[in-house]
Amino acid sequence: MSSRFGQPPELSAARNEVPEEFDAHAARGRFNAAFFWFMGNYINWHMRKSKTRIFAHLPSTVVEIGPGVGANMRYLAPNSRLIAVEPNPHMHARLRRAARAAGVDLEIRDVVGEQIDLPDASVDAVISSLVLCSVRNPDLVVAEIRRILRPGGRFSFAEHVAAKKGTLTRGVQRLLRRPWAWVFEGCSCERELEIAIEGAGFTAVDIDHYRIHSPFLPFNTHIAGTAVA
Ligand SMILES: C[S@@+](CC[C@H](N)C(=O)[O-])C[C@H]1O[C@@H](n2cnc3c(N)ncnc32)[C@H](O)[C@@H]1O
């Protein structure tokens with residue numbers, strides 16, 4: 001017997017058994033695919049220092065949660081294998097194009113990060129950028145990342161997070177939360193994601209807080225780091 005994603009039942013025993021769906025929206029899905037395709041270099045320029053640090057020395061096979069249209073392809077060595085957990089079908093064509101251009105062997109898994117169809121302790125590296133803000137349940141996604149990593153395996157992340165309480169940025173994040181989430185398909189600028197990562201049972205966590213200076217004020221407070229399984 002196998003579950004919805006084809007994994008043996010023992011893999012899903014400790015997990016949420018209700019199949020998690022991704023609500024793909026035709027217009028906003030296409031808009032976001034185009035937005036991140038055209039803005040990719042600009043966003044990456046702001047995040048380049050932290051990404052260069054955390055994505056250094058990736059192994060030849062990497063799992064990425066929510067790779068979108070391939071913003072992090074540039075950090076993979078040519079001939080790497082990328083297992084892309086990307087449930088948004090509107091991202092897939094551009095993601096394939098980015099993989100071809102980077103010489104990366106791409107395997108798209110059309111599942112959500114809350115239910116990754118990979119066995120326990122089966123991978124050495126998981127990466128994410130600007131994803132835990134958008135997933136429905138960041139705690140569950142981080143638990144899944146922890147589950148699939150081998151002992152000593154590494155989760156490398158660059159995410160935007162809530163600003164400190166009482167700051168102007170936090171006020172703007174609150175004020176714009178509804179239109180922001182509508183445009184960017186569920187993205188929240190009010191998540192304290194460092195708490196989710198620190199509480200997920202990794203053996204070591206290293207998190208750097210920093211600020212970028214873009215006109216998108218709610219998006220400017222970031223963390224980047226690594227967590228070792
Ligand atoms: C803001 S985009 C970031 C894309 C890319 N990582 C980047 O840095 O440009 C968020 C991505 O997360 C994906 N996503 C949303 N919910 C997800 C989930 N539950 N599991 C995995 N990916 C998800 C979206 O489809 C989208 O590609």
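This report covers aromatic pairs, charges over rings and nonpolar cores in a predicted model.

## Aromatic pairs

The structure contains eight aromatic pairs. One of them joins Phe 35 and Phe 36. Their geometry is edge-to-face, with 5.1 Å centre to centre and 80° between the planes.

The two residues fall into separate accessibility classes. Phe 35 has a relative accessible area of 16% and is buried. Phe 36 has 30% and is partly exposed. The cut-off matters here: buried means under 20%, so Phe 35 at 16% qualifies, whereas Phe 36 at 30% does not.

## A link across the chain

Phe 35 also pairs with Phe 216. This pair is edge-to-face too, at 6.5 Å centre to centre and 80° between the planes. It connects distant parts of the chain, with the partners 181 residues apart. Phe 35 belongs to helix 2, residues 26-54. Phe 216 lies in the loop between strand 6 (204-211) and strand 7 (221-228).

Phe 216 is partly exposed, with a relative accessibility of 29%. Its partner Phe 35 is buried.

## The aromatic cluster

Phe 35, Phe 36 and Phe 216 are members of one aromatic cluster. Phe 31, Trp 180 and Phe 184 belong to it as well.

## Charges over rings

Two arginines are placed over aromatic rings. The charged end of Arg 97 sits over the ring of Trp 37, 5.0 Å from the ring centre. The charged end of Arg 146 sits over the ring of Phe 202, at 5.9 Å from the centre.

## The largest nonpolar core

The largest nonpolar core has 29 residues. Within it, Leu 58, Val 62, Met 73 and Leu 76 touch the most other members. At least two residues each come from helix 2, strand 2 (81-85), helix 3 (89-102) and strand 4 (123-129). Helix 2 contributes the most, with four residues.

Which residues does Leu 76 contact, leaving aside neighbours within four places in sequence? They are Leu 58, Val 62, Leu 82 and Val 104. Leu 58 and Val 62 are also among the core residues that touch the most other members.

## A separate core

Another core lies apart from the largest one. This core has 27 residues. Among them are Val 123, Val 142, Phe 157 and Ile 223.

Notes:
Residues are numbered from 1 along each chain as its sequence is written. This is a predicted model: local features need pLDDT of at least 70, side-chain atom pairs count only at pLDDT 80 or more; totals for chains, interfaces and linings use all residues. Side-chain values use heavy atoms; hydrogens and water are left out. Rings of Phe, Tyr and Trp (its six-membered ring) pair if their centres lie within 6.5 Å; planes under 30 degrees apart count as stacked, over 60 as edge-to-face and the rest as tilted. Buried means under 20% relative accessible area, exposed over 50%, partly exposed in between (1.4 Å probe, protein chains only). A charge sits over a ring if NZ of Lys or CZ of Arg is within 6 Å of the ring centre and within 35 degrees of the ring normal. A nonpolar core is a set of buried Ala, Val, Leu, Ile, Met, Phe, Trp, Tyr and Cys residues joined through side-chain atoms within 4.5 Å. Contact means heavy atoms within 4.5 Å.
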